[in-house]
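Please open the model in your viewer and keep the sequence panel beside it. The tour below moves from the whole chain to pairs of elements and then to single residues, saying at each stop what to select.

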Amino acid sequence: FLEEREVGDDMAPSPAMEQLLSGLGDIARELDQWPLPKRAVLGGIIDCMFVQMIDPRNWETAGGEKRRFSHYGVHCLVLDIHFLLRVCGSLVSKSTNNMANRVCEKALRSYFAANAGGGAKEMMNKMWYDARVRTAMQRLGYGFPDFGRGFEHRSQQSFENGAQPESVPLSARDNAASPAPSATSR
């Protein structure tokens, strides 16, 4: 996140984020073999990722210094999170979306605090992130389906055939009040 590069319109989600989503797709396909609630399992994995990301211990370096971000690095983090939220769709609970917003906000605050003496560059707006995500999703095609949308449809079909739908709320946390959406909100 300290890499110094130019932020341009050709910027895309990181290869690490693409690999993470590919892994979630593999897990989703593997879950087809088991009578497990896919939405709850995948939603829980995504939730746990953000629980770890927001943990204060992860905002310090090994030497105990506060985590820092370059202009490019903070854009990369926010773009990756925006991409993850968009691809995973309805698998992302309100609580997880709130944690994602907190992670982005914390990274932005860290960047601006480290560059308070006038070195901070302007951040891109939500439309810029949305365009980068759309481009990435088109480029990646079927390798990155909207995980959440598919579950809603299959769950409704299963319910109509007498099974319990998978799309029930994960827990009471899905109904918690949420703050105003930020740049990463879906």
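**The whole chain**

Read from one end of its sequence to the other, the protein chain follows the pattern α-α-α-α-α-α, and its secondary structure comes to six helices and zero strands. Here helices (H or I, at least four residues) and strands (E, at least two) are DSSP runs, numbered from the N terminus. This is a predicted model, in which local features need pLDDT of at least 70 and side-chain atom pairs count only at pLDDT 80 or more, while totals for chains, interfaces and linings use all residues. Residues are numbered from 1 along each chain as its sequence is written, and side-chain values use heavy atoms, with hydrogens and water left out.

With the whole protein chain selected and a surface drawn, the exposed area is about 10700 Å², of which carbon and sulfur atoms supply 55%; accessible areas come from the Shrake-Rupley method with a 1.4 Å probe, and for residues only the protein chains shown count as cover. Of the 186 residues in the protein chain, 41% are buried, where buried means under 20% relative accessible area, exposed over 50%, and partly exposed in between (1.4 Å probe, protein chains only). Among contacts between residues at least 6 apart in sequence, 81% join residues at least 24 apart, contact meaning heavy atoms within 4.5 Å.

**H2 against H4**

Next, select residues 38-54, which form helix H2, together with residues 94-114, which form helix H4: the two pack at an angle of about 30°, with their axes 9 Å apart. Axes are lines fitted to C-alpha atoms, for helices over the stretch in contact, and angles run from 0 to 180 degrees between N-to-C directions. H2 and H4 are therefore roughly parallel to each other, given that angles under 35 degrees count as roughly parallel, over 145 as roughly antiparallel, 65 to 115 as roughly perpendicular and the rest as oblique. To see the contact itself, show Ile46, Asp47, Phe50, Val51, Met53 and Ile54 on H2, and Ser95, Thr96, Met99, Ala100, Arg102 and Val103 on H4. By class, this contact of H2 with H4 has eight nonpolar, two polar and two charged residues, where Ala, Val, Leu, Ile, Met, Phe, Trp, Tyr, Cys and Pro count as nonpolar, Asp, Glu, Lys and Arg as charged, and the others, Gly among them, as polar.

**H3 against H2 and H4**

Keep H2 on screen and add helix H3, residues 71-88, which packs with H2 at an angle of about 160°, the axes being 12 Å apart. That makes H2 roughly antiparallel to H3. On the H2 side, Ile46, Met49, Phe50 and Met53 meet Leu77, Ile81, Leu84, Leu85 and Cys88 of H3, and the contact of H2 with H3 has nine nonpolar, no polar and no charged residues.

Now hide H2 and look at H3 with H4, which pack at an angle of about 170° with their axes 9 Å apart; the two helices are therefore roughly antiparallel to each other. Select His71, Val74, Leu77, Val78, Ile81 and Leu85 of H3, and Asn97, Ala100, Val103, Cys104, Ala107, Leu108 and Tyr111 of H4, to display the contact. By class, the contact of H3 with H4 has 11 nonpolar, two polar and no charged residues.

**Three stops along H4**

Which residue of H4 should be paired with Phe50 for a C-alpha distance of 6.6 Å? Thr96 is the one, 46 residues from Phe50 in sequence, and Thr96 is buried, with a relative accessible area of 1%.

Move on to Ala100, also found in helix H4, which counts as buried at 0% relative accessibility. A distance label between the C-alpha atoms of Ala100 and Leu84, 16 residues apart along the chain, should read 9.8 Å.

Finish at Ser110 in helix H4, which is buried, with a relative accessible area of 16%. Leaving aside neighbours within four places in sequence, Ser110 is in contact with Arg67, Arg68 and Phe69.
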